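Subject: The structure for you to look at

Hi,

Here is the structure I promised to pass on. Have a look at it first, and then read my notes underneath.

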Amino acid sequence: MENTTKEAEKLREREVELLKSLHQAAQMGRDTLEHVNGNIGPGSMRDAVEKDIFDYSDVCAQLGEKLESRGEKPKSVGPFARKMAGMIIDMKISDDTPESEIAKMIIDGTTKGVTECTARLTEYSDVPDDIKNIGYKLLYVEQKNIDEMKHFLRV
């Protein structure tokens with residue numbers, strides 16, 4: 001009986017670790033796109049970015065609900081990481097930055113997110129499907145983001 005309790009507690013800890021990790025990833029995606037959105041003008045790219053911000057926010061909310069149901073709180077992205085991402089965006093995006101360059105930057109960052117999310121889902125393959133499914137939704141949002149940004153690429 002004691003062994004079963006320890007196993008259940010270990011699994012719960014792993015669930016929380018994965019949920020927090022996925023939440024941070026979704027939050028970073030959303031926050032980064034919000035910063036990009038603040039640096040671009042109106043148009044179809046802004047529309048695509050705003051749609052993706054909404055999708056990342058939805059995933060964040062779902063992950064937050066799962067954490068709260070376990071008596072946990074989401075772990076925010078650290079202020080240093082957030083500030084560095086914002087500074088990089090500010091340095092790379094100006095009024096005359098072509099949409100294709102902005103799209104490349106978004107694709108590069110999102111590709112890193114896909115890689116990290118995939119690794120996490122593989123590492124935590126023992127957690128229940130309802131949690132992994134939110135992770136797969138995050139992967140879907142990230143892949144959709146990449147696909148949308150491809151429309152803005154120019155040589």
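What share of the contacts in the protein with a separation of 6 or more comes from residues 24 or more positions apart? The figure is 82%. Keep in mind as you read on that this is a predicted model.

**The overall picture**

The protein has five helices and zero strands, so to speak a run of α-α-α-α-α when you start at the N terminus. If you put a box around the C-alpha atoms along the principal axes, that box is roughly 65 × 25 × 20 Å. There are 155 residues, and 41% of them are buried. The protein exposes about 9100 Å², with carbon and sulfur atoms supplying 55% of that area.

**Two helices side by side**

Two packed helices are described by the angle between their axes and the distance between the axes. Try this on helix α2 (residues 44-69) and helix α5 (residues 129-150): their axes come within 10 Å and cross at roughly 170°. Angles over 145 degrees count as roughly antiparallel, and α2 and α5 are therefore roughly antiparallel to each other.

Which residues meet there? On the α2 side they include M45, V49, Y56, L63 and K66, and on the α5 side they include I134, L138, V141, E148 and M149. The residues of this contact divide into 10 nonpolar, two polar and 10 charged.

**The core**

In soluble globular proteins, nonpolar side chains tend to be buried together. The largest nonpolar core here has 37 residues, and V36, M45, V49 and M149 touch the most other members. The elements that give two or more residues to this core are α1 (2-39), α2, α4 (99-123) and α5. Of these, α2 gives the most, with nine residues.

V49 is a good one to click on. Leaving aside its neighbours within four places in sequence, V49 is in contact with L33, N37, I40, I106 and M149.

**A few residues to visit**

Start in helix α1, where you will find H23. Is H23 buried or exposed? Its relative accessible area is 8%, and under 20% counts as buried, so H23 is buried. Not counting residues up to four places away in sequence, H23 touches C60, L63, G64, P74 and K75.

S21 also has its place in helix α1. With a relative accessible area of 16%, S21 is buried. How far apart in space are S21 and S76? They are 9.6 Å apart, C-alpha to C-alpha, with their positions 55 residues apart in sequence.

Next, go to the loop between α4 and α5, where P128 lies. At 27% relative accessibility, P128 counts as partly exposed. P128 and E15 are 113 residues apart in sequence, while their C-alpha atoms are 7.9 Å apart in space.

Last on my list is E101, in helix α4. E101 is partly exposed, with a relative accessible area of 39%. Its C-alpha is 8.5 Å from the C-alpha of R154, and the two residues are 53 positions apart in sequence.

Have fun clicking around!

Cheers

Notes. Residues are numbered from 1 along each chain as its sequence is written. This is a predicted model: local features need pLDDT of at least 70, side-chain atom pairs count only at pLDDT 80 or more; totals for chains, interfaces and linings use all residues. Side-chain values use heavy atoms; hydrogens and water are left out. Axes are lines fitted to C-alpha atoms, for helices over the stretch in contact, and angles run from 0 to 180 degrees between N-to-C directions. Helices (H or I, at least four residues) and strands (E, at least two) are DSSP runs, numbered from the N terminus. Angles under 35 degrees count as roughly parallel, over 145 as roughly antiparallel, 65 to 115 as roughly perpendicular and the rest as oblique. Contact means heavy atoms within 4.5 Å. Ala, Val, Leu, Ile, Met, Phe, Trp, Tyr, Cys and Pro count as nonpolar, Asp, Glu, Lys and Arg as charged, and the others, Gly among them, as polar. Buried means under 20% relative accessible area, exposed over 50%, partly exposed in between (1.4 Å probe, protein chains only). Accessible areas come from the Shrake-Rupley method with a 1.4 Å probe; for residues, only the protein chains shown count as cover. A nonpolar core is a set of buried Ala, Val, Leu, Ile, Met, Phe, Trp, Tyr and Cys residues joined through side-chain atoms within 4.5 Å.
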